[in-house]
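Colleague: I am new to this structure and would love some help reading it. Could we go through it together, one feature at a time?

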Amino acid sequence: MLFRFGPEDLHGVRILIVEDEAYLAADLAEALRARGAIVIGPAATLEEAYRAVATHWIDRAVLDVNLAGEMSFPIAERLEAAGIPYVIATGYAADALPERFRGKPRLEKPYRTEALAAMMAGAG
């Protein structure tokens with residue numbers, strides 16, 4: 001995967017944030033906007049994430065696994081069906097994820113927003 005760095009890397013890229021921790025979602029949204037991204041969300045629940053996927057054009061997504069007790073895997077499946085790349089951002093180790101998601105791009109929390117932005121830039 002080729003990673004590009006710099007504020008222009010995500011210019012115009014529409015990124016859905018699915019994250020239930022408000023402070024983390026806000027920091028992530030700010031970091032992505034600073035790199036030129038158009039942020040969709042943040043969606044804090046599965047219902048909000050479904051609505052965002054149904055009503056917005058999305059280029060990429062970042063998914064927290066556990067949304068206040070709801071797992072975000074159905075959203076990941078919907079994104080995959082639509083051909084939209086995503087990164088799983090979670091405190092769970094890879095072996096704690098369902099097998100089909102273990103090989104997906106993943107960052108363990110806590111992560112640096114710069115690392116996630118680099119993954120988003122290289123996901124296209």
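Colleague: How much area does the protein expose, and what share of it do carbon and sulfur atoms supply?

Modeller: Accessible areas here come from the Shrake-Rupley method with a 1.4 Å probe, and for residues only the protein chains shown count as cover. In this case about 6,300 Å² is exposed, with 55% of it supplied by carbon and sulfur atoms. Please keep in mind that this is a predicted model: local features need pLDDT of at least 70, side-chain atom pairs count only at pLDDT 80 or more, and totals for chains, interfaces and linings use all residues. Residues are numbered from 1 along each chain as its sequence is written, and side-chain values use heavy atoms, with hydrogens and water left out.

Colleague: How many helices and strands are there in the protein?

Modeller: Helices (H or I, at least four residues) and strands (E, at least two) are DSSP runs, numbered from the N terminus. Here you will find four helices and seven strands, arranged along the sequence as β-α-β-α-β-β-β-α-β-β-α. The radius of gyration, taken over C-alpha atoms, is 13 Å, close to the 14 Å that the globule rule (2.2 Å times the number of residues to the power 0.38) gives for 124 residues, so the protein is as compact as a globular protein of that length.

Colleague: What percentage of the residues is buried?

Modeller: Buried means under 20% relative accessible area, exposed over 50%, and partly exposed in between (1.4 Å probe, protein chains only). Buried residues make up 44% of the 124 here.

Colleague: Which residues of helix α3 are buried?

Modeller: In α3, which covers residues 73–82, they are Phe73, Ile75, Ala76 and Leu79. Looking down the axis of α3, these buried residues fall within an arc of 155° (from the directions between the helix axis and the C-beta atoms), so they line one face of the helix. Ala81 and Ala82, on the other side of α3, are exposed. The cover over the buried residues of α3 includes α2, β3 (60–64), β5 (70–71) and β6 (86–90). After α3 comes Gly83, with a positive phi near 75°.

Colleague: Is Val53 buried or exposed?

Modeller: Val53 is buried, as its relative accessible area is 18%. Val53 sits in helix α2 (residues 46–55). Contact means heavy atoms within 4.5 Å. Neighbours within four places in sequence aside, Val53 is in contact with Leu16, Ile58, Arg78 and Leu79.
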